[in-house]
Amino acid sequence: MLYDVKNIELVWRGLTLSKFAGTKVKISQSGDAVKTYTGIFGETMTIPNATRFWHITSNFLANSESYKILEQDSLYHTSGTLIVRDLNTGTSDTFSDCYVNLLENKQDCKERTVVWFAAKRNYK
C-alpha cells in the first residue's frame with residue numbers, strides 16, 4: 001500500500017512525525033500469512049507464519065527533528081507503537097512491537113530512508 005504524506009499522519013511513540021522528504025509512505029508485508037506443513041502420513045496442517053513482519057518505509061529530511069529522534073531510537077533499539085492515520089477516511093492502523101531501522105546513512109544526502117519493522121498490525 002502506498003500513502004501520500006499529505007493525506008496521512010504518522011505517530012511514533014506519541015510523537016507526530018513531520019518534515020517528510022518523499023511524497024509516499026509504503027506499507028508492505030514479508031512472507032506468507034500461513035505455512036502449510038505435511039505430516040509423515042500425508043496429513044496437512046496450516047499454522048500462522050510467526051516470521052512475517054510489516055515494513056513501513058518513509059523518507060525524512062536529514063535536518064528534521066523527527067529524523068533525529070528516529071536516529072536515536074534506532075541507535076538504542078527502542079521499540080514502540082507506530083500509528084498511521086488516514087486523514088481522508090478517518091481510519092488508522094496501529095503497528096505494535098515496532099523498531100526503527102535506518103537505511104542510507106550517507107553524510108551528504110539531504111534525505112534519509114527510515115523503515116519500521118512491526119510484528120503486529122491492529123494488535124493481530
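The paragraphs below follow one pair of aromatic rings and the strands around it in this predicted model.

A good place to begin is the pair formed by Trp 12 and Trp 116, whose ring centres lie 6.2 Å apart. Rings are taken as a pair if their centres lie within 6.5 Å, and planes that are neither under 30 degrees nor over 60 degrees apart count as tilted. With planes at 55°, the rings of Trp 12 and Trp 116 are therefore a tilted pair. The two residues come from distant parts of the chain, since Trp 12 belongs to strand β2 (residues 8-12) and Trp 116 to strand β10 (residues 111-121), a separation of 104 residues.

Both tryptophans fall below the limit of 20% relative accessible area that is used for buried residues. Trp 12 is buried because its relative accessible area is 1%, and Trp 116 is buried because its value is 0%. Together with Phe 20 and Phe 60, Trp 12 and Trp 116 make up one aromatic cluster, and the model has five aromatic pairs by the distance rule.

From Trp 12 the reader can turn to its strand. Strand β2 runs antiparallel to strand β8 (residues 79-86), to which five bridges join it, and Ile 8 has Asp 86 of β8 as its bridge partner. Strand β8 in turn is joined by six bridges to strand β9 (residues 92-103), again in an antiparallel arrangement, where Val 84 has Asp 93 of β9 as its bridge partner. Strands β8 and β9 form a hairpin with five residues between them, and in this hairpin Gly 90 adopts a positive phi near 80°.

Note on methods: Residues are numbered from 1 along each chain as its sequence is written. This is a predicted model: local features need pLDDT of at least 70, side-chain atom pairs count only at pLDDT 80 or more; totals for chains, interfaces and linings use all residues. Side-chain values use heavy atoms; hydrogens and water are left out. Rings of Phe, Tyr and Trp (its six-membered ring) pair if their centres lie within 6.5 Å; planes under 30 degrees apart count as stacked, over 60 as edge-to-face and the rest as tilted. Helices (H or I, at least four residues) and strands (E, at least two) are DSSP runs, numbered from the N terminus. Buried means under 20% relative accessible area, exposed over 50%, partly exposed in between (1.4 Å probe, protein chains only). Two strands pair if DSSP finds at least two bridges between them.
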